[in-house]
Amino acid sequence: MASNAPPLRPRWRSRLYRWDVRAAPYAFVAPFFLCFAAFGLFPLVYTGWLSLHRVELGGEAEWLGLRNYTGLWDSDFFWNALGNTFTIGVVSTVPQLLLALGLAHLLNYRMRGRGFLRVAVLAPYATSIAAATLVFAQLFNSDYGLINTVIGWAGFHPVDWESSKWPAQIAISAIVTWRWTGYNALIYLAAMQAVPQELYEAAAIDGASRARQFLSVTVPSIRPTILFTVVVSTIGATQLFGEPMLFGGSLGVSGGSGNQFQTLSLLMYEKGWVTGALGQASAIAWVMLLLLLSAGAVQALVVRARRRRA
């Protein structure tokens with residue numbers, strides 16, 4: 001008597017189907033992990049290995065242990081670069097984020113040409129570092145720059161923007177602020193548009209002005225976004241390289257004639273490719289990594305503290 005049951009699927013096809021279901025997700029993500037291992041993990045591990053050795057360009061590695069790190073601790077150049085990185089980061093980050101917050105608040109209102117303005121504020125970010133730095137270097141030129149010309153019209157003496165420490169750092173911070181303010185403004189604008197309108201309506205009913213609504217409704221609502229931009233700006237300030245390098249011209253690698261604006265990235269470049277001390281440069285790179293991890297840890301602690309309070 002013939003059976004009405006459907007024919008069984010061949011065993012090899014069933015196994016192939018199971019293998020496909022299990023292995024397909026790993027196959028899809030495998031290119032990312034391969035690229036990360038080749039261009040991210042391997043350089044990180046190899047740099048850590050170099051930081052424990054004395055390595056010269058074209059020479060053999062000699063084991064030093066932690067002496068490259070203790071050498072940084074005793075180096076005045078390292079502490080000068082660390083201090084410059086911190087001060088330039090503060091001088092560029094604080095005005096940048098405050099301007100971005102105010103600009104995003106203005107763009108959040110209904111106005112004519114709002115779409116064009118949103119695109120226009122992103123134009124500095126699309127400009128290359130080299131082009132922006134070269135233009136600002138001409139503006140801050142000590143002899144014929146526009147900034148000193150305006151200062152002279154106001155009755156003050158010209159400022160030596162390149163050779164003096166604080167003027168040079170302010171000039172570099174102005175480049176960073178100009179390039180990244182619009183980018184952060186659009187991030188704040190996206191966060192502001194996600195704030196429920198009911199909160200503003202309730203505040204208006206209570207008699208809150210536009211300024212009070214901004215301080216009491218907008219800022220608390222986008223606080224996680226503000227914290228995110230602070231951390232990202234801190235990371236960018238720690239890795240600052242192109243702006244001081246190009247601003248200093250022929251003395252850009254050393255951060256000026258007196259290392260007055262040499263950052264950690266410039267010091268790492270000078271140690272690795274000018275003096276040829278790859279081990280010391282690798283140690284500086286790992287110190288920078290530890291600083292960035294510390295910034296991320298601070299962000300995580302702040303977020304966790306806010307969640308506990310909530």
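Lys and Arg count here as positive, Asp and Glu as negative; His and the chain ends are not counted. On that basis the protein chain carries 23 positive and 14 negative side chains. The centres of the two sets lie 21 Å apart. The model is a predicted one.

**Overall build**

The protein chain has 14 helices and two strands. Its radius of gyration is 27 Å, well over the 19 Å that the globule rule gives for 310 residues, so the chain is more spread out than a compact globule. The C-alpha trace spans about 110 × 75 × 40 Å along its principal axes. Of the contacts with a separation of 6 or more, 64% join residues 24 or more positions apart. Buried residues make up 34% of the 310. The accessible surface comes to about 19400 Å², and carbon and sulfur atoms account for 66% of that area.

**Two nonpolar cores**

The largest nonpolar core has 17 residues. Those touching the most other members are Leu101, Ala104, Tyr188, Met192, Val195, Val217 and Ile222. Four helices each give two or more residues to this core: helix 3 (76-107), helix 8 (165-193), helix 9 (197-205) and helix 10 (210-221). Another core lies apart from it. This other core has 14 residues, among them Trp161, Ile172, Leu240 and Phe247.

Which residues does Met192 touch, leaving out those up to four places away in sequence? They are Leu101, Ala104, His105, Asn108, Phe214, Thr218 and Ile222.

**Two buried residues**

Asn259 and Gly272 can be set side by side.

| Residue | Place | Relative accessible area |
|---|---|---|
| Asn259 | loop between helix 12 (242-247) and helix 13 (264-274) | 16% |
| Gly272 | helix 13 | 2% |

Buried means under 20% relative accessible area. Asn259, at 16%, is therefore buried. Gly272, at 2%, also counts as buried.

Most residues other than glycine have a negative phi. Asn259 is not a glycine, yet its phi is positive, at about 55 degrees. This residue sits in the loop between helix 12 and helix 13.

Gly272 lies in helix 13 itself. What does Gly272 touch, not counting residues up to four places away in sequence? The partners are Leu57, Ala277, Leu278 and Ala281. Gly272 and Ile284 are twelve residues apart along the chain, and their C-alpha atoms are separated by 9.9 Å.

Conventions: Residues numbered from 1 in each chain as written. Predicted model: local features only at pLDDT ≥ 70, side-chain atom pairs only at ≥ 80, totals over all residues. Heavy atoms only, no water. Rg over C-alpha atoms; globule rule 2.2 N^0.38 Å. Buried < 20%, exposed > 50% of the residue type's maximum accessible area, 1.4 Å probe, protein only. Contact = heavy atoms within 4.5 Å. Areas by Shrake-Rupley, 256 points an atom, 1.4 Å probe, with all protein chains shown as cover. Charge placed at Lys NZ, Arg CZ, Asp CG, Glu CD. Core = buried A, V, L, I, M, F, W, Y, C linked by side-chain atoms within 4.5 Å.
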